[in-house]
Amino acid sequence: MSTNQSWGGRFAEGPREAVAAYTDSQIYDRALYAQDIRGSQAHARMLGRQGVITPEEAEQIVNGLDAVKQEIESGAFVWKPALEDVHMNIEARLTEIIGDVGKKLHTGRSRNDQVGLTFRLFVADRLTAWQQRAAHLCATLVSCADGHQDDILPGCT
């Protein structure tokens with residue numbers, strides 16, 4: 001049985017439709033696409049530097065991932081629920097764009113490695129954004145307070 005799903009090959013048939021719908025994470029984890037691509041590009045560059053793949057293959061993968069990212073950001077990317085998650089959707093599209101070289105992206109890296117890195121990059125990016133927003137909020141509050149230094153407010157103790 002040939003399939004793109006991670007469980008493929010171990011069972012005679014796939015999960016029931018209700019189970020597949022319940023376990024489908026790609027509709028939620030699409031938010032991780034930029035970090036997944038960034039981590040995959042770094043991984044491909046490392047593979048090229050270490051001689052695991054050729055520098056040309058590494059460049060093809062990096063450029064192909066740029067094309068996938070552009071498709072996602074333009075809204076042209078077609079998400080396929082059968083591919084289960086953001087990682088498999090991106091890798092499948094990469095392979096459609098650049099051919100079999102795209103299959104080398106997972107060399108030396110497990111799915112857990114990829115998911116862990118993607119999630120850490122996502123959290124770090126969000127923390128940076130929240131830090132900037134908190135600093136902006138504090139500056140806005142200080143600016144508003146500056147104009148009311150002489151206002152008297154009743155208080156209770």
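A charge sits over a ring if NZ of Lys or CZ of Arg is within 6 Å of the ring centre and within 35 degrees of the ring normal.

**View 1. Arg-133 over the ring of Trp-130.** In this predicted model, local features need pLDDT (the predictor's confidence in each residue, from 0 to 100) of at least 70, while side-chain atom pairs count only at pLDDT 80 or more. Residues are numbered from 1 along each chain as its sequence is written, and side-chain values use heavy atoms, with hydrogens and water left out. The charged end of Arg-133 lies 5.5 Å from the centre of the Trp-130 ring.

**View 2. The crossing of helices H4 and H5.** Helices are DSSP runs (H or I, at least four residues) numbered from the N terminus; the axes of H4 (residues 55-74) and H5 (residues 86-98), lines fitted to C-alpha atoms over the stretch in contact, come within 9 Å and cross at roughly 115 degrees, with angles running from 0 to 180 degrees between N-to-C directions.

**View 3. Confidence along the chain.** The mean pLDDT of the protein chain is 89, and among its elements H4 has the highest mean, 98.

Key: Helices (H or I, at least four residues) and strands (E, at least two) are DSSP runs, numbered from the N terminus.
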